[in-house]
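New to this one? Take a look at the sequence and the fold first, and then we'll walk through some places to zoom in on.

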Amino acid sequence: GFHGVVSTDALVSGVHFPCDATGDIVARRALGSALSDLAAMGATPTGCLLTWGIGPDWGNTFFTRFVEAFKADLNTYKVDLWGGDTVRAATPFISVCVHGFGRRSDLLSRSGAQAGDAVYVSGTIGDGFLGLQAYGTKTGGDGVSAFEAPVPQLALGQALAGVASACIDVSDGLAADLDHICRASQIAMEVEAMAVPLSAAGAAYAQDPGQLGILLTGGDDYQLAFTVKPENEPKLKDIGRIGNVALARIGAVSQSPEKHYTARFMDANGAEIVFENRGYTHL
């Protein structure tokens, strides 16, 4: 009654992490982002394969810090390292292929949302973007940012399995990722932009109304955005309390007779917010 699930993520130097990033940052971003895909399926991780594309500037210090951080996160998330590959590359990269499992009837996808469902998001949005902007400017006491050490919402995803109707992790940007659910489910959404939860730093950044759109499209948050049928909404209070994670209702799913399968973000006056870019574009 269970399915195996597999996901793979490649991170390229200068694209997915700064060229001068230390090994611990690269390790946390590589494993955290890969496991976030399993969280969005409501799956339990088991093991992974790691491929290093070693660049000319990666030396012993880089690898020592990488191994220490990667091992610590493997232990945290109870994931085994099964093997992988090591190659030389003109542009350094890391690729992590994660494996897991979940009960067949409960596994989450992007394609189950229906008109009338509520739209929710976990945690706060925009902190990944703010962490990238602050990269290299913090003092030692400031700690790591959401960008440097993404936390996959595995426990939340597992709790949402069988409760949410569709789910995705927020990696490309909230607007772009909600669009992914819309296209897969062939529905539309109306999202209240002011209902999207922000951290204190995010709220300060968004005091200029023009900046809010940047947080909604910046990506690298690795929170979960999901839809849920009205009859399942009462269960979310217990899920949030047990998992110690905030869950915010930000909108609703609607039919799209014109086949405009997108999420429309509305401001406080009911006008649609138009974004210059809806999120990260891979190609």
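Here is a short tour by topic, from ring pairs to buried spots, a pocket and some backbone angles. Keep in mind that the model is predicted. A search of the whole structure turns up 12 aromatic pairs, and the second largest pocket holds about 380 Å³ of space.

**Aromatic rings**

- Start with Y120 and F226, a stacked pair with 5.7 Å from centre to centre and 10° between the planes.
- That pair ties together distant parts of the chain: Y120 sits in strand 5 (residues 118-122) and F226 in strand 8 (residues 224-228), 106 residues apart.
- Both partners are out of the way, since Y120 is buried and F226 is too.
- Next up are F129 and Y205, whose ring centres are 5.8 Å apart with planes at 65°, so this pair counts as edge-to-face; the cut-off for that label is over 60 degrees.
- This is another link between distant parts of the chain, with F129 in helix 3 (residues 127-134), Y205 in helix 6 (residues 200-205) and the two positions 76 residues apart.
- Are F129 and Y205 buried or exposed? F129 has a relative accessible area of 16%, so it is buried, the limit being under 20%. Y205 comes in at 25% relative accessibility, so it counts as partly exposed.
- Rings also gather in a group: F17, W52, W58, F62, F63, F66 and F70 make up one aromatic cluster.
- For a ring with a charged neighbour, look at F147: R29 lies over its face, at 4.1 Å from the ring centre.

**Around helix 3**

- Helix 3 has these buried residues: D127, G128, F129, L130 and G131.
- Helix 6 and helix 7 are among the elements covering them.
- Just past the end of helix 3, G136 has a positive phi of about 80°.

**The second largest pocket**

- How many residues line the second largest pocket? There are 20, and P209, G210, L212, G213 and I214 are the ones nearest its centre.
- Helix 7 (residues 209-217) gives the most to this lining, contributing 6 residues.
- By type, the lining of the second largest pocket splits into 13 nonpolar, 5 polar and 2 charged residues.

**Buried spots in the strands and helix 5**

- G47 belongs to strand 2 (residues 44-54) and is buried, with a relative accessible area of 0%.
- The C-alpha atoms of G47 and V79 are 4.9 Å apart in space, although 32 residues separate the two in sequence.
- Leaving aside residues up to four places away in sequence, G47 touches V79, D80, W82, C97, V98 and H99.
- One of those contacts, V98, lies in strand 4 (residues 93-103) and is also buried, at a relative accessible area of 0%.
- With the close sequence neighbours (up to four places away) left out, V98 touches V5, V6, S7, L31, A34, L35, L38, G47 and C48.
- For a contrast with the G47 and V79 distance, the C-alpha atoms of V98 and A69 are separated by 17 Å, with the two positions 29 residues apart along the chain.
- Over in helix 5 (residues 174-185) you'll find D179, a buried residue with a relative accessible area of 5%.
- What does D179 touch, not counting residues up to four places away in sequence? The contacts are Y261, T262, A263 and R278.

**Backbone angles worth a look**

- As background, most residues other than glycine have a negative phi.
- Y222 has a positive phi, near 55°, and is not a glycine.
- You'll find Y222 in the loop between helix 7 and strand 8, where it counts as buried at 6% relative accessibility.
- K259, also a residue other than glycine, has a positive phi near 60°.
- K259 lies in the loop between strand 9 (247-254) and strand 10 (263-266).
- Is K259 buried or exposed? Its relative accessible area is 60%, so K259 is exposed, the cut-off being over 50%.

Methods
Residues are numbered from 1 along each chain as its sequence is written. This is a predicted model: local features need pLDDT of at least 70, side-chain atom pairs count only at pLDDT 80 or more; totals for chains, interfaces and linings use all residues. Side-chain values use heavy atoms; hydrogens and water are left out. Rings of Phe, Tyr and Trp (its six-membered ring) pair if their centres lie within 6.5 Å; planes under 30 degrees apart count as stacked, over 60 as edge-to-face and the rest as tilted. Helices (H or I, at least four residues) and strands (E, at least two) are DSSP runs, numbered from the N terminus. Buried means under 20% relative accessible area, exposed over 50%, partly exposed in between (1.4 Å probe, protein chains only). A charge sits over a ring if NZ of Lys or CZ of Arg is within 6 Å of the ring centre and within 35 degrees of the ring normal. On a 1 Å grid over the protein atoms alone, a cavity is a set of points where a 1.4 Å probe fits but cannot get out, and a pocket is an open set with protein on both sides within 12 Å along at least five of seven lines; lining residues have an atom within 4 Å of a point. Grid points are joined across faces, edges and corners, and a volume is the space filled by probe spheres set on the points. Ala, Val, Leu, Ile, Met, Phe, Trp, Tyr, Cys and Pro count as nonpolar, Asp, Glu, Lys and Arg as charged, and the others, Gly among them, as polar. Contact means heavy atoms within 4.5 Å.
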